[in-house]
Each structure stands twice: as structure tokens, then as C-alpha cells.
Amino acid sequence: MSRLLLATALFATLSGCAMAPVGDVEPVVRPPVAHPDRVAPALPSRPASPAFVEERARQAYETGRWDVAEGYYLQLTRLTPKDANPWFQLGNLYAEQGRLDSAERAYREALRRRDDAKTLHNLGLVQVKLGIGALREAQHRLPPADAARQETRELLRTLLETALP
């Protein structure tokens, strides 16, 4: 036991002395020398866990940081390629931003991974909005005397009256 104490004391003394300046002389600290012909090896980085990424995505979404949330959800689609939820959340994010084409694609990706009624519902809403937008555009482009213009106008009126009671 006394040998162990002696060895520990000697080690502690030598460790402490290695950093102590000698007399009034300050230790010289030199910057590392860069060698252009040698590249420092990259430190291995662990990919973030899906749970961590999902939590960050949710927080960003809830605080309205759309670009950050989108990045995290896209990362999550790569980390968990068989999971439908990140695609569903991306669809919601895109729909909320009015990026309807992207929302439609995201909901379709979610449905490829899991047949889900909520996803199908959201996809349908996005498609209705896209359809209304296309019909409005067609109505503006069609010549005033064209029968298709009148038909489009009636269809839009019916859709909007039904959708907005």
C-alpha cells in the first residue's frame, strides 16, 4: 500500500513540475506549424441519432423556422429511409408554406412507405388547392367567348361555394 502511495505522490509531483515555469522565465508557447504537404486526418464524426434530428425538426417547425425544419426533416428521410413520418411532416411544412407541388410529392413519398388515412386526406387537400389554382389560371387564359371558360367559371363557383360554406 505504501508503495502505491509513494508512486502516486511521485507521479503527482512530476506532473505538476512539468507545467511550472523555471524561475522568472515564462514558458514559450509556439503556434503549431502547418505543413502544406500534410493534411490533418478528418475526425470521424458520428451521424446524429434519428431521435435527436426528429426533435430538432419538431422544435424548428413549431417555432416557424421553416428552412431549419426542412433541413432536419430531409436529413431524417436519409437516416430512416423506410419511415413515412418525415415525409408526412415535410408535406405539412410545404403545404403550410404554400409550396403545394412539393407538398404533393412529399405526401406521395409518405404514402409509398405507409398507407395512412391522414396522409391521404392531406394529399387530397393539396390536390384540391392545386386544382383550384389550375382552374383559375385556365379561366384567365381562355378567351372570353370560349365555352370552356364559362364551364371553368361554373365549376370554380361550385367548388368554392362547397368548400366555403
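Let me start with the buried residues of helix α6, which are T119, N122, L123, V126, I132 and Q139. Please keep in mind throughout that what we are looking at is a predicted model. The helix itself has 25 residues, and from its first C-alpha to its last it reaches 36 Å, close to the 36 Å expected at 1.5 Å a residue.

At the start of this helix I would like to dwell on two residues, D116 and T119. D116 caps the N-terminal end of α6, with a side-chain oxygen that lies 3.4 Å from the backbone nitrogen of K118. The side chain of D116 also takes part in a polar contact of 2.9 Å with the side chain of T119. Is T119, then, buried or exposed? T119 counts as buried, because its relative accessible area is 0%, and the cut-off for that term is under 20%. If we leave aside residues up to four places away in sequence, T119 touches F88, Y107, A110, L111 and R114.

Two of those neighbours, F88 and Y107, bring me to the aromatic residues, for which the count comes to two pairs. One of them is formed by Y61 and W66, an edge-to-face arrangement with 5.5 Å from centre to centre and 80° between the planes. W66 in this pair is partly exposed, its relative accessible area being 25%. The other pair is F88 with Y107, which is tilted, at 6.0 Å centre to centre and with 55° between the planes. This pair links distant parts of the chain, since F88 belongs to helix α4, residues 85–97, while Y107 belongs to helix α5, residues 100–113, and the two are 19 residues apart. Both rings belong to residues that we can call buried: F88 has a relative accessible area of 12%, and Y107 has one of 2%.

Y107 appears again when we turn to the core. The largest nonpolar core has 19 residues, and Y107 is listed together with Y73, L90 and Y94 as having the most contacts inside it. Which elements give two or more residues to this core? They are α2, residues 50–62, then α3, residues 66–79, then α4 and α5, and finally α6, residues 117–141. As a general remark, nonpolar side chains in soluble globular proteins tend to be buried together. To give one residue as an illustration, Y73 touches A57, R58, Y61, P86, Q89 and L90, again not counting residues up to four places away in sequence.

R58, which we have just met as a neighbour of Y73, leads on to the charged residues, because R58 is linked with E55 and E62 in a network of salt bridges. The count of salt bridges comes to eight, and I will go through three more examples.

In helix α5, E104 forms a salt bridge with R108, the closest N and O atoms being 3.7 Å apart, and these two residues lie four residues apart, about one turn of the helix. R108 counts as partly exposed, at 43% relative accessibility.

In helix α6, the side chains of R141 and E137 meet in a salt bridge of 2.7 Å, N to O, and here too the partners are four residues apart, about one helical turn. R141 is exposed, with a relative accessible area of 66%, whereas E137 counts as partly exposed at 40%.

In helix α7, residues 147–163, E154 and R157 are three residues apart, about one turn of the helix, and they form a salt bridge whose closest N and O atoms are 3.0 Å apart. E154 is partly exposed, with a relative accessible area of 34%, and R157 is partly exposed as well, with 37%.

Why do such spacings bring side chains to one side of a helix? An α-helix has 3.6 residues a turn, so residues three or four places apart point the same way.

Let me finish with the overall picture. The secondary structure comes to seven helices and zero strands, and along the sequence the pattern reads α-α-α-α-α-α-α. Of the 165 residues of the protein, 21% count as buried. Among the contacts with a separation of 6 or more, 37% are accounted for by residues 24 or more positions apart.

Notes. Residues numbered from 1 in each chain as written. Predicted model: local features only at pLDDT ≥ 70, side-chain atom pairs only at ≥ 80, totals over all residues. Heavy atoms only, no water. Phe/Tyr/Trp six-rings, centres within 6.5 Å; stacked < 30°, edge-to-face > 60°. Buried < 20%, exposed > 50% of the residue type's maximum accessible area, 1.4 Å probe, protein only. Core = buried A, V, L, I, M, F, W, Y, C linked by side-chain atoms within 4.5 Å. Contact = heavy atoms within 4.5 Å. Polar contact = N/O pair within 3.5 Å; in protein donor to acceptor, adjacent residues only side chain to side chain. Expected span 1.5 Å × (residues − 1).
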